[in-house]
Protein chains: 2
Amino acid sequence: MIATSEKTVREDKHCPHNAAINCTNCRLSGICLPLALEQDEIVQLDEIVQRGRPLQKRQHAYREGDTFTSVFAVRSGSFKAYSVTDTGEEQVTGFYFPGEIMGMDGIGQNRYASSAQALETSAICEIPFSRIQELSGRLPNMQGHFFRLLSQEIVEDQRHMTLLSKNTAEQRVASLLISISARNARRKLSPNRFRLPMSRGDIGHFLGLTIETVSRVFSRFAKQGLIEIENKDVSILDVPALQHIAAQED
Amino acid sequence: MIATSEKTVREDKHCPHNAAINCTNCRLSGICLPLALEQDEIVQLDEIVQRGRPLQKRQHAYREGDTFTSVFAVRSGSFKAYSVTDTGEEQVTGFYFPGEIMGMDGIGQNRYASSAQALETSAICEIPFSRIQELSGRLPNMQGHFFRLLSQEIVEDQRHMTLLSKNTAEQRVASLLISISARNARRKLSPNRFRLPMSRGDIGHFLGLTIETVSRVFSRFAKQGLIEIENKDVSILDVPALQHIAAQED
DNA sequence: CGTTCCCTTGACCGTGGTCAAGTGCAGTGG
DNA sequence: CCACTGCACTTGACCACGGTCAAGGGAACG
């Protein structure tokens, strides 16, 4: 019995979808919420984190307009956050990968300002915001970390505003590739070979481009030998060149 | 002596640039930080707020890259927040009017991600962030209000992302006019007649348009009888029509 | 194995950017 | 008081990037 139980635990550590994981043993603790917390504080955080079953592709973690209750940490898989304009067009406001926190746009109005949809089978940790507030009142580290998280989202959104208002199609696509590559590196995955979990349409709706333009830019990059792309699998062949393009030099 | 002092106090109430005002008697208390606080909590906030001399046009409240210490409430006048791209172009990330809080983009990295420049003679309240954190630890209202403020900035930035990625030049300009009009209304100023404190260039750098396009759209709106515009003085003649355009209906 | 959706590619077009010239207002100095 | 300078804004002519429309191919799902 004991042996079986131990085996189960060991399996947990290897299966990122498994719910029987906690913040202390989660391999994302170095980049996720626990980042700024002491060991005993992480234990307290752990007690309020709810880990549900994995979400299938296209399922939502929350939807635009829903009453805000929780923020969510991505444990495995990936999400897009998007809102729908008056004319029914979709604006993707961000992509979320493991260790990243989504749903913070709901705090201000007590309802989510965007929807979060799984781009593939994904697992999330739900963290009720009322508990975060309560915990933040007691743990200055927690409060500070959350202020920082919110502020960083602002900074990222403002960078994206700049991207949308100043950059060409090629610069936008290059920036996204560099960004995903860097986030993979942070999770100790290959920064040069990865699978894009989102569709061309999602990319377009994120970058302010049409699906056709995204496709054309990928083709052009491939023709120039900067990347290899086969459907959703990308290899970045010339990182410096892409960075050069993304940094809008010239 | 006493009479003189009383006279001074009375003048304070009428001159928005004057520093001898506190959060309790400030006529912006209904829309500024005190919004969510109890009377005795406002007194505590008041103790940490620093009120300096007015800033002249073109002076900065803080600069991109400066070490982050404080957030700022605009007391009078107006500001633009902007950052400079690698290629030296300016991206205006927001305009700030009395009662609004700026500088929150500095929390995450401990340095300001943008610069805040006065568009006219303006007064600000400086609020050291360390004191806000300390106060937030003690006053749940304060913590909650700050979480909300940060979140609302995220939501606004995401709306602006949508504007930049989906809307035409006319929709962008109409949106800005409607936004300024609404913020004026909140401060009990005329929503139909006001002076634009920022230049055409600032507007362009905010809306992702060139100065020429901004100018052309203003001219077109005037020709259509939607607005009257003479230099920086605008009269909105047909609010519904502008709202209609801004809402990207057709 | 078939249907459907996603993606690619091509031809054409339009919005807004670029370049350039001109106007008018503000501030300065004679 | 007016002339001079300079900057902000306006307006026009032209152009290019990316959007639109259309057709066809190929992967993924049932």
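## The contact between chains A and B

About 3900 Å² of area is buried between chain B and chain A, and carbon and sulfur atoms give 61% of that area. Phe147(B), Met161(B) and Lys166(B) together supply 18% of what chain B buries against chain A, more than any other three residues. The model discussed here is a predicted one, and in it 42 residues of chain B are in contact with 42 residues of chain A.

Between the two chains there are 0 salt bridges, whereas 16 residue pairs, with both residues at pLDDT 80 or more, are in polar contact. On the side of chain B that touches chain A, the elements giving two or more residues are β5 (90-96), α3 (129-138) and α4 (140-166) of chain B, and the largest share, 19 residues, comes from α4(B). Sorted by class, that side of chain B has 13 nonpolar, 21 polar and 8 charged residues.

## The surface near DNA strand D

There are 18 residues around DNA strand D, and those that come nearest are Ala169(A), Thr213(A), Arg216(A), Ser215(B) and Ser219(B). The surface near the strand is made up, by class, of 2 nonpolar, 9 polar and 7 charged residues. Three helices each supply at least two residues of this surface, namely α7 (211-223) of chain A together with α6 (200-207) and α7 (211-223) of chain B, and α7(B) gives the most, with 4 residues.

Of the atoms of DNA strand D within 4 Å of the protein, 67% belong to sugar or phosphate, while the rest belong to bases. On the phosphate side, a backbone N or O atom of Ala169(A) lies 2.5 Å from a phosphate oxygen of DNA strand D, and an N or O atom in the side chain of Arg200(B) is 3.0 Å from a phosphate oxygen of that strand. On the base side, an N or O atom in the side chain of Arg216(B) is 2.8 Å from a base nitrogen of DNA strand D.

## Salt bridges

Over all chains, the structure holds 14 salt bridges. One of them joins the side chains of Asp202(A) and Lys80(A), at 2.8 Å from N to O. Because Asp202(A) lies in helix α6 (residues 200-207) of chain A and Lys80(A) in strand β4 (residues 79-84) of chain A, the pair ties together parts that are 122 residues apart in sequence. Asp202(A) and Lys80(A) are both buried, and with Glu90(A) they are linked in a network of salt bridges.

In chain B, Glu134(B) forms a salt bridge with Arg138(B), with the closest N and O atoms 2.9 Å apart. Both Glu134(B) and Arg138(B) lie in helix α3 of chain B and are 4 residues apart, which is about one turn of the helix. Glu134(B) is partly exposed, with a relative accessible area of 38%, and Arg138(B) is also partly exposed, with a relative accessible area of 46%. A further salt bridge is formed by Glu170(B) and Arg220(B), whose closest N and O atoms are 2.6 Å apart. This pair links distant parts of the chain, with Glu170(B) in helix α5 (residues 169-186) of chain B and Arg220(B) in helix α7 of chain B, 50 residues apart. Arg220(B) is partly exposed, at a relative accessible area of 38%.

Conventions. Residues are numbered from 1 along each chain as its sequence is written. Chains are lettered from A and ligands numbered from 1 in the order in which they are written. This is a predicted model: local features need pLDDT of at least 70, side-chain atom pairs count only at pLDDT 80 or more; totals for chains, interfaces and linings use all residues. Side-chain values use heavy atoms; hydrogens and water are left out. A residue is near a molecule or strand if one of its heavy atoms lies within 4 Å of it. A polar contact is a pair of N or O atoms within 3.5 Å; within protein, one must be able to donate a hydrogen and the other to accept it, and residues adjacent in sequence count only if both atoms are side-chain atoms. Ala, Val, Leu, Ile, Met, Phe, Trp, Tyr, Cys and Pro count as nonpolar, Asp, Glu, Lys and Arg as charged, and the others, Gly among them, as polar. Contact means heavy atoms within 4.5 Å. Buried area is the accessible area (1.4 Å probe) that two parts lose on being put together, summed over both. A salt bridge is a side-chain nitrogen of Lys or Arg within 4 Å of a carboxyl oxygen of Asp or Glu. Buried means under 20% relative accessible area, exposed over 50%, partly exposed in between (1.4 Å probe, protein chains only).
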